[in-house]
Amino acid sequence: MKDIIDFLRDLSCNNNKEWFAANKQRYQTMLARWYEFCGKLIETVGQFDPDIAHLSVKDCTYRIYRDTRFSADKSPYKTHFGVFLSKGGKKSMHAGYYFHVGTGSGEDYPHCHMIASGNYCYEPRVVKMLREDISFGWEEFKQDVLDVADPSFRVDMDGALKRVPKEYPADAPYADFMRLKSFSLVTYLDDDFILQPNLVSRVVELFKTVKPFNDYINRAVDYKED
């Protein structure tokens, strides 16, 4: 994984088509190593979550080329590799397991290294159901979902409403969850975590602790689809 991080750091300092073209073979080598890692991750996660077992690497990974049409940042390439393991694949809108290797810059997304669960961009009906489920069953949600997640995870409040919706009490213990428009838990990693041996098994151990969170969200997603 060190060679992948070194490549991403070099790319971040030379994010242009000329440098990338000159280093295309290096990129292909790093991408092959990344795909090999992702294949092992899918296989191992599939042993405890059958919804993941049948996925391919293509179902779970992303192109390095950025869509710059609506962005002020016209850098042509992403400086991270990410893999998202979710029921139905990365485009299904189900909650899943995300692992992301960047240039290692603290908690600065997308440059950081990170693990997350859940998903973004839920339909309003799913958000409404999740808010109702969590508020009505807060103690069960806290005990069976939040408390079993590794303590390094925290709720991602990025994009949350500034205020609790008026139909929910602002001082309730679940108030922050009522502000969410996406539901995700996240933990940030340093180079030491990434570079130690047995990375797949250590990532999977963290993933196991957030399976109840993903299952809880996917219950609402599946209900909406039915």
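How much space lies in the largest cavity? About 50 Å³. Hello everyone, and thanks for coming. Before I go on, please keep in mind that this is a predicted model.

Let me stay with that cavity for a moment. The search gives 1 cavity of 30 Å³ or more. Its lining includes Asp49, Asp51 and Ile52, then Leu85, Ser86 and Lys87, then Ala95, Gly96 and Tyr97, and also Asn214, Asp215 and Asn218. Which elements give two or more residues to that lining? They are helix H4 (50-53), strands E1 and E2, and helix H11. The largest share, 3 residues, comes from H11.

Now to the sheet, which you can follow on the screen. It is an open sheet of 5 strands, and the order is E1-E2-E3-E5-E4 with antiparallel pairing. Strand E1 (81-86) and strand E4 (154-155) are at the edges with a single partner strand each, so each has one side without a neighbour in the sheet. As a reminder, strands of a sheet pair through backbone hydrogen bonds, and they can do this in a parallel or an antiparallel way.

I'd like to spend some time on strand E3, residues 113-119. On one flank, E3 pairs with strand E5, residues 183-189, in the antiparallel sense over 7 bridges. Two places to look at there are Gly118, which stands opposite Ser184 in E5, and Met114, which stands opposite Tyr188 in E5. E3 is also joined to strand E2, residues 96-101, by 5 bridges, again antiparallel. In that pairing, Phe99 stands opposite Ile115 in E3.

So is E3 enclosed or open to the outside? With 7 of its 7 residues buried, E3 is largely enclosed by the rest of the structure. In a regular strand, side chains alternate between the two faces of the sheet. In E3, His113, Ile115, Ser117 and Asn119 point one way, while Met114, Ala116 and Gly118 point the other way, and all of them are buried.

E3 comes up again at the largest pocket. About 900 Å³ of space lies in that pocket. There are 36 lining residues, and those closest to the centre are Tyr62, Lys78, His80, Tyr98 and Tyr109. H3, E1, E3 and E5 are the elements giving two or more residues to the lining. The largest share, 5 residues, comes from E3.

On to the nonpolar interior. In soluble globular proteins, nonpolar side chains tend to be buried together. Here the largest nonpolar core has 66 residues, and the members that touch the most others are Phe7, Trp34, Leu41, Leu85, Phe99, Ile134 and Phe183. Helix H3, residues 24-45, supplies the largest share of this core, with 9 residues. A second, separate core has 6 residues, among them Phe84, Tyr98, Cys112 and Val186.

You have met some of these names already. Leu85 also lines the largest cavity, and Tyr98 is one of the residues closest to the centre of the largest pocket. If you would like one core residue to click on, try Ile134. Leaving out residues up to four places away in sequence, Ile134 touches Phe141, Tyr174, Phe177, Met178, Phe183 and Tyr216.

Last topic: charged pairs. Side chains of opposite charge can pair when their charged atoms come close. Over the whole structure, the search finds 14 salt bridges, and I'll show you three of them.

The pair to begin with is Arg33 and Asp3, with an N to O distance of 2.6 Å. This pair links distant parts of the chain: Arg33 sits in helix H3 and Asp3 in helix H1 (residues 2-13), 30 residues apart. Arg33 is partly exposed at 39% relative accessibility, and Asp3 is partly exposed too, at 38%.

Next, Asp147 and Lys142 form a salt bridge whose closest N and O atoms are 3.3 Å apart. Asp147 is partly exposed at 48% relative accessibility, and Lys142 counts as partly exposed at 33%.

Finally, Asp215 forms a salt bridge with Lys211, at 2.8 Å between the closest N and O atoms. Why are these two separated by about one helical turn? Because they are 4 residues apart in helix H11, residues 211-225. Asp215 has a relative accessible area of 35%, which makes it partly exposed. And that brings us back to the start, as Asp215 is one of the residues lining the largest cavity. Thanks for listening!

Technical notes. Residues are numbered from 1 along each chain as its sequence is written. This is a predicted model: local features need pLDDT of at least 70, side-chain atom pairs count only at pLDDT 80 or more; totals for chains, interfaces and linings use all residues. Side-chain values use heavy atoms; hydrogens and water are left out. A nonpolar core is a set of buried Ala, Val, Leu, Ile, Met, Phe, Trp, Tyr and Cys residues joined through side-chain atoms within 4.5 Å. Buried means under 20% relative accessible area, exposed over 50%, partly exposed in between (1.4 Å probe, protein chains only). Contact means heavy atoms within 4.5 Å. Two strands pair if DSSP finds at least two bridges between them. A salt bridge is a side-chain nitrogen of Lys or Arg within 4 Å of a carboxyl oxygen of Asp or Glu. On a 1 Å grid over the protein atoms alone, a cavity is a set of points where a 1.4 Å probe fits but cannot get out, and a pocket is an open set with protein on both sides within 12 Å along at least five of seven lines; lining residues have an atom within 4 Å of a point. Grid points are joined across faces, edges and corners, and a volume is the space filled by probe spheres set on the points.
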